[in-house]
There are 2 protein chains.
Amino acid sequence: MQRVDDGMGDRNTDAVRRAVQDDEVERLRHALNEEQQRHLRLRADFDNVRRRASRDLEAARRDGQRAALRPLLPVLDSLERALAAGSTDPDFYEGVAATHRLFVKALHEAGADPIESVGRPFDPTVHEGVATMPSGSVEPGIVVHEVRRGWRLGNELLRPAQVVVAAPREASDAWR
Amino acid sequence: MQRVDDGMGDRNTDAVRRAVQDDEVERLRHALNEEQQRHLRLRADFDNVRRRASRDLEAARRDGQRAALRPLLPVLDSLERALAAGSTDPDFYEGVAATHRLFVKALHEAGADPIESVGRPFDPTVHEGVATMPSGSVEPGIVVHEVRRGWRLGNELLRPAQVVVAAPREASDAWR
């Protein structure tokens, strides 16, 4: 059948084309919006990762310090036990005592410092109680003796102190 | 002037509308493409930062180990000097010698190991030449004496060894 060209055919075609174009515009707008949202989310993830990375770096550095320092603390303990036993050779003893002072200084330089314990209230965050001891002169709960020195690295615990704590006066046995 | 409605007016309007729509579709396609490219670039940056962050973490950990271990090496030197001087008190001496063995073991545990020097060819990446010495029995360029022990942390240098190197036989003075 032959189409009569009364102009209506063109107009119908135009309407269809317009509808198709409208759909395309709608589709593209939607896709663009999606893409922009996707970009914003990725940017937010990115910023988080970057922020976390700088915190992680500091933690990794501390971790390296801790891993290096921990095995060396028993060496200092051993040197202190040797010094505590004393010697009949004052020259050699003084050489070793000087090395001990250098050791403590080097640990400080490396960021590690001893935890104060004796005379302080027992603090479970830095103290490990290994025994209680009845005491007439010291308040209960006060550290009376340090079995092994504790160490901290900056504000973090490197090794807890092992301590003996003054027992309550009335029932010291019940504490043990 | 009054417009004659011959259908041409509508068709012109349609054509204009279509042109506007075409422009809009073109603009949106362009914007969408730009946005997709932007996303790909950000994704690539993100991946790079993530890859680098994991390398940086390992480096930061090593950095922490190095910073902690370096100040402790002179303490070991000091202990070795004391032991080298000897003592008239064998019990005390043995206690200190045991501490020394514990020290070397702790450094190994912390990742640090001594650099082999004496008898090896001088290596500027781990050796620091402090003197040359004429030698009849040793090949020129071979380390004959270690003044200060060198240490490495894994594959990295912690502290170079200070060494004395065998001088060329004919002109040992020229080397100095």
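**Exercise 1. Find which residues line the second largest pocket of this predicted model, and describe the character of that lining.**

Start with the list. The second largest pocket is lined by Asp77(A), Glu80(A), Arg81(A), Glu146(A), Val147(A), Arg148(A) and Arg149(A). Next, map the lining onto secondary structure: two elements of chain A, α2 (73–85) and β3 (143–148), give two or more residues to it. Now sort by class, and you get six charged residues, one nonpolar and no polar. Finally, put a volume on the pocket: about 170 Å³.

**Exercise 2. Do the same job for the largest pocket: what is its volume, and which residues lie nearest its centre?**

Volume comes out at about 240 Å³. Then look at the lining, which has 14 residues, with Val49(A), Ala53(A), Val49(B), Ala53(B) and Ser54(B) nearest the centre. Who supplies the lining? Helix α1 (8–69) of chain A and α1 of chain B each give at least two residues. For the class tally, count six nonpolar, two polar and six charged residues.

**Exercise 3. Work out how much area chain B and chain A bury between them, and which residues of chain B lose the most.**

First, a reminder on the choice of yardstick: interface size is often quoted as the accessible area that is lost when the parts come together. Here the two chains bury about 5300 Å², with 71% of that on carbon and sulfur atoms. On the chain B side, the residues that lose the most area to chain A are His39(B), Leu42(B) and Phe92(B), together accounting for 13% of what that side buries. If you'd rather think in contacts, 58 residues of chain B touch 58 residues of chain A.

**Exercise 4. Take the interface apart: how many salt bridges and polar contacts cross it, and which elements of chain B take part?**

Count the salt bridges between chain B and chain A, and you should land on four. A worked case is Arg29(A) with Glu24(B), where the closest N and O atoms are 2.7 Å apart. Moving on to polar contacts, twelve residue pairs turn up across the interface, both partners being at pLDDT 80 or more. The chain B side draws two or more residues from each of α1 (8–69), α2 (73–85) and α3 (90–109). Of these, α1(B) brings the largest share, 34 residues. By class, this side of chain B has 28 nonpolar, twelve polar and 18 charged residues.

**Exercise 5. Check whether the pair Arg62(A) and Glu58(A) passes or fails as a salt bridge, and place the pair in the fold.**

The cut-off is 4 Å between a side-chain nitrogen of Lys or Arg and a carboxyl oxygen of Asp or Glu. For Arg62(A) and Glu58(A), the closest N and O atoms are 4.0 Å apart, and the pair forms a salt bridge. Both residues sit in helix α1 of chain A, four residues apart, or about one turn of the helix. Over all chains, the salt-bridge count is 20.

**Exercise 6. Locate Gly119(A) and find its contacts beyond its neighbours within four places in sequence.**

Gly119(A) belongs to the loop between β1 (112–114) and β2 (127–134) of chain A. With those sequence neighbours set aside, Gly119(A) is in contact with Ile142(A) and Val143(A). Now try a C-alpha check: Gly119(A) and Val144(A) are 25 residues apart in sequence and 6.1 Å apart in space.

Definitions and conventions: Residues are numbered from 1 along each chain as its sequence is written. Chains are lettered from A and ligands numbered from 1 in the order in which they are written. This is a predicted model: local features need pLDDT of at least 70, side-chain atom pairs count only at pLDDT 80 or more; totals for chains, interfaces and linings use all residues. Side-chain values use heavy atoms; hydrogens and water are left out. Contact means heavy atoms within 4.5 Å. Buried area is the accessible area (1.4 Å probe) that two parts lose on being put together, summed over both. A polar contact is a pair of N or O atoms within 3.5 Å; within protein, one must be able to donate a hydrogen and the other to accept it, and residues adjacent in sequence count only if both atoms are side-chain atoms. Ala, Val, Leu, Ile, Met, Phe, Trp, Tyr, Cys and Pro count as nonpolar, Asp, Glu, Lys and Arg as charged, and the others, Gly among them, as polar. On a 1 Å grid over the protein atoms alone, a cavity is a set of points where a 1.4 Å probe fits but cannot get out, and a pocket is an open set with protein on both sides within 12 Å along at least five of seven lines; lining residues have an atom within 4 Å of a point. Grid points are joined across faces, edges and corners, and a volume is the space filled by probe spheres set on the points.
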